[in-house]
Amino acid sequence: MSSLRHHRVIIASLFLPNTAVLGDSAPPTPDESGIQTPGFANQASRQPLLGRAAGPLRSIVEDLRDKTRNPTPSMTPRGESANPFASFPGPTLPGGTLTGAATAAAESLIDALSNKLTGGGSKTPAASGGTSPASNAGRQYQTTHHGSNAGQPRVQRRASRSSGQRTKSRSLSSSRLDPSSHSQKYHFESNPHCNGGLKNAVESVGDRLKRKLWVGTLGTNTDGFRESLRRSMEWRMREERDSVPVWIPDSEFASCYDEFCHQVLWPALHYAVPDAPKTKSFYESASFKQYVAVNQRFADAIVSSYQEGDIIWINDYHLMLLPQMLRDRLPGAPIGFFMHVAFPSSEIFRCLSVREDLLKGVLGADLIGFQTANYARHFRQTVSRILAAEALPKGIQLDNRFIDVGVFPMGIDVGSLTQKKRDPEVAEWVSSLRQRYAGMKLIVGRDKLDVIQGVRQKILAFEAFLEKYPEYQGKVVLIQVALQTTEENEAQGGVADVVSHLNSRFSTLTYQPVVFLHTQDLTFNQYLALLTVADAFMVTSLREGMALRAHEFVECQEKRHRPLILSEFTGSYSFSGFRSCIPINPWDKRGTAKAIHQALTMSDQEATSRWEDLHNHVVTQTAQAFVTSFLVRCLRSNLEHMQSDAISVADLDVGRVLPRYRHSQKRLLLIDFEGTLWQRDMRTIARNAGVSESPSFEPPKEAIDVLSKLAEDPKNEVWLLSGLPVKGSLEIVAEKAPNVGIVAENGCFIKPRPDRGGKANWISMVANFNLTWKAPCLEILQYFTERTPGSFIEEREASVVWRFWTEKTVEDHASDWQWARRQAAEAQNHIFDSLGERYGLRIIPGSTSFLVLPNNISRSTAVGAILHPGGPARSAAAHSVTWLAPEATEDTDTEFDFVFAVGKDEKLMRRLNELDNAETCSTGVKGTDAKWKLDPDQVLPALQRIAETK
């Protein structure tokens with residue numbers, strides 16, 4: 001972390017942590033040094049704690065009666081404006097009508113509650129618990145955590161539950177206040193729309209990350225702001241809040257955020273591909289133009305603020321194009337991109353019409369981070385399949401650069417949450433809740449009401465639980481805290497109808513099985529109290545990144561140790577520490593009902609054992625670890641990339657190399673065969689592919705002569721590096737140049753130089769490898785060969801090559817070339833998905849072919865064996881187990897005082913550059929880490945000149 005003290009971090013997120021609100025300053029609020037949680041209601045100014053009622057409430061009837069008049073001090077700790085747990089509101093339909101038991105009987109008490117919530121209760125301050133309708137009108141609830149009454153929000157989702165008037169739409173472009181009607185006074189408040197997990201994580205680092213600059217939008221209507229007001233806000237936000245606001249026209253932002261981000265990207269990233277007739281918005285989204293424009297405005301803001309040494313950290317799917325935009329304008333800047341949500345398999349992502357633009361945009365970063373290893377693997381495979389780039393375990397290899405792809409699980413600030421739990425008000429609400437729900441079991445959940453969060457599946461499973469275990473009817477309550485979402489997404493979530501059905505079946509005058517609360521209706525202290533008294537916490541997401549609310553529940557259960565019911569499709573479940581939860585498949589309502597019963601009947605001993613495992617993971621996977629590991633890795637990745645790109649590679653100057661060559665006593669020469677000494681004729685190979693009586697291999701005479709001449713010098717040890725098989729190819733080379741060592745099949749086999757007896761046997765580097773993968777691999781490639789004109793398979797002893805293009809030019813066969821590339825990407829994905837992890841295979845794509853071979857085998861490992869004193873190239877008695885270990889093959893010590901390598905293998909070039917006495921020369925057309933470069937047709941003359949030197 002000390003390396004970050006010298007760098008400022010620019011944090012780009014769609015919404016700033018703080019927003020500017022027109023009007024006089026908000027009333028003072030208590031200092032909240034703990035977790036800031038956008039989405040929850042602000043804490044009201046507190047009064048001294050008043051006396052508590054003599055006894056518990058007898059029924060919901062009294063709750064409802066109390067709600068119709070001013071809240072009594074005895075049930076409102078510290079003067080809270082309202083008790084959100086005193087009634088049982090349900091979700092609303094898009095038109096604003098309430099659901100739940102209100103439909104059961106027109107004159108029921110719950111009907112009266114419905115009438116009050118839809119208008120009757122907000123006509124006087126007393127009816128809304130002492131809070132005026134005017135103040136309620138600005139309240140919102142959020143995707144993430146803690147909120148504010150920040151005036152009329154830009155991203156308006158829902159009117160206040162106690163407001164008699166409802167807006168026509170919850171979209172961005174509706175129901176905004178006209179800023180021109182306000183005075184030019186303004187103040188800052190916590191932004192209810194910001195990424196609360198990111199904000200908490202950055203703040204958790206504290207003084208270790210003093211220099212930071214947030215870049216994002218205010219989340220409010222800004223079209224009416226005068227230029228002088230904008231400049232004032234920019235100056236104050238920069239000085240007071242370390243923030244730079246990005247000014248985006250409201251209509252442009254609405255189209256980008258409400259349409260493209262929420263209706264296109266969000267469903268696709270969470271495996272929800274819309275069905276017809278809604279596919280047009282998914283495949284042909286005109287709002288993508290606004291998405292590009294918003295990303296461009298972010299790029300302009302960041303470039304204008306960038307200083308040398310800054311680290312740029314871009315967050316989430318709203319800004320997927322931003323990394324490449326910045327890379328074009330700031331080529332040397334350290335850029336990291338972190339995806340906070342899930343990333344789907346390539347089968348889903350490829351459905352997006354703008355898939356290539358999004359992927360290329362993200363690949364502008366030095367480091368791309370994901371919540372889980374599965375999401376990172378999905379991304380690598382998607383890039384490989386759609387862009388036909390080389391996907392490696394550690395990242396993506398493009399033509400001119402390497403992009404790191406890593407896993408950085410997000411966590412919570414445990415210390416801050418612990419401090420927040422100690423607030424006396426939390427204990428007061430815990431006592432109030434226990435009194436209110438005495439004798440009942442509480443199941444708590446907190447989710448959006450859209451399709452992805454699986455709330456509908458949760459309610460159906462809870463209904464199945466009450467049916468299967470009728471003894472729990474009237475004794476278990478599901479309290480669902482609802483987060484914001486768009487009206488359209490909420491309607492698609494289908495929660496309202498199932499809640500209405502469930503409550504109409506099981507409600508009585510004193511019991512309602514499902515209680516809905518919204519984040520604007522309760523404070524964070526009340527939420528912590530709810531987590532503390534819960535008998536189980538339930539997450540039924542159909543797909544999710546990291547369920548941090550589950551982490552919060554675990555820490556709130558440090559005394560009671562109640563179990564966590566967690567969907568298998570959350571990112572949290574993929575980590576071993578969370579395997580002590582009760583896992584569920586949210587699609588299986590019977591299995592989920594069993595899990596609820598298991599949680600409610602679990603013994604204290606088992607619950608404590610499970611909680612300890614969960615707790616140990618939560619306190620290890622913290623917000624601090626997330627921030628520091630990501631930023632340090634980003635900085636390191638950029639430094640590695642800059643080192644390779646900082647100096648333009650010069651053409652090989654043989655005259656400058658010869659003095660070192662001439663004065664050295666023991667030399668190692670490593671020379672690539674194909675593409676360096678010899679250019680293969682693909683058309684001839686294609687014609688002879690599969691022909692049993694094809695002409696025998698004839699190595700080029702000039703190449704054999706120069707290799708033999710170099711090997712004649714007793715100071716030289718010459719090695720030929722090749723991907724060709726031994727049989728029928730390199731065994732012929734070995735006969736014509738017996739004093740040259742040979743590496744075959746990209747490191748699978750080695751033929752050392754002859755010993756004193758003149759013998760040199762081939763050594764297998766894959767003798768201990770399982771090669772049964774070849775048969776199914778050949779079967780897959782045969783399938784694609786039949787569908788790709790001109791393609792063919794080269795089967796070798798321990799590897800397989802598929803050549804999908806044999807024409808010399810692409811221009812005359814553009815459509816065939818596009819089809820061949822697409823088939824090659826498909827074939828690579830099929831092989832990797834079905835065989836790669838199972839057998840430990842590595843796929844190396846080329847411009848017209850790709851190679852499949854065992855994972856730990858390469859020309860670099862073969863050279864490691866050559867350099868190692870105990871390797872097979874030195875001792876015939878050596879066993880691979882001793883020298884093929886990573887610590888052995890990565891050893892950079894060598895007995896040679898001059899090493900010269902020429903070829904295209906970049907991994908080998910990077911390895912040899914670690915040697916002080918090595919000269920590396922690349923013959924490839926891509927960016928290189930080699931010290932020199934050389935055209936392939938100039939290699940032979942250069943080697944002949946070296947060979948003639950005495």
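Strands β25 (residues 800–803) and β27 (residues 849–854) run antiparallel and are joined by four bridges in this predicted model. Within this pairing, V800 has V852 of β27 standing opposite. The two strands belong to an open sheet of four, arranged in the order β24-β25-β27-β26 with antiparallel pairing. The edges are formed by β24 (792–795) and β26 (841–845), each of which pairs on one side only. On average, and with direction ignored, neighbouring strands of this sheet are turned by 15° against each other.

Two helices accompany this sheet. Helix α27 (residues 774–785) packs on the sheet and touches β24, β25 and β27; the direction of α27 makes about 160° with that of β24. Helix α28 (residues 814–839), in turn, lies across β25, β26 and β27, and α28 runs at about 160° to β26. Strands β25 and β27 thus appear in the list of strands for α27 and again in the list for α28.

A parallel arrangement is found around strand β15 (residues 536–539). Here β12 (residues 441–448) is joined to β15 by two bridges, the two strands running parallel, and V444 has F537 as its bridge partner in β15. Strand β15 also pairs with β16 (residues 564–567), again in the parallel sense, over three bridges. In this second pairing, the bridge partner of M538 is I565 of β16. Neighbouring positions of β15 therefore take part in the two pairings, F537 with V444 and M538 with I565.The side chains of β15 alternate in direction: A536 and M538 point one way, whereas F537 and V539 point the other way. All four of these residues are buried. The connection from β15 to β16 includes helix α19 (residues 548–556), and together the three elements make a right-handed β-α-β unit.

These two regions sit within a chain of 950 residues that has 33 helices and 30 strands. Buried residues make up 59% of the chain. The accessible surface comes to about 38200 Å², of which carbon and sulfur atoms account for 49%. Turning to contacts between residues at least 6 apart in sequence, 73% join residues at least 24 apart.

Terms used:
Residues numbered from 1 in each chain as written. Predicted model: local features only at pLDDT ≥ 70, side-chain atom pairs only at ≥ 80, totals over all residues. Heavy atoms only, no water. Buried < 20%, exposed > 50% of the residue type's maximum accessible area, 1.4 Å probe, protein only. Pairing = 2+ DSSP bridges. Right-handed = clockwise from strand over helix to strand, strands pointing away. Contact = heavy atoms within 4.5 Å. Areas by Shrake-Rupley, 256 points an atom, 1.4 Å probe, with all protein chains shown as cover. Axes fitted to C-alpha atoms, helices over the stretch in contact; angles between N-to-C directions.
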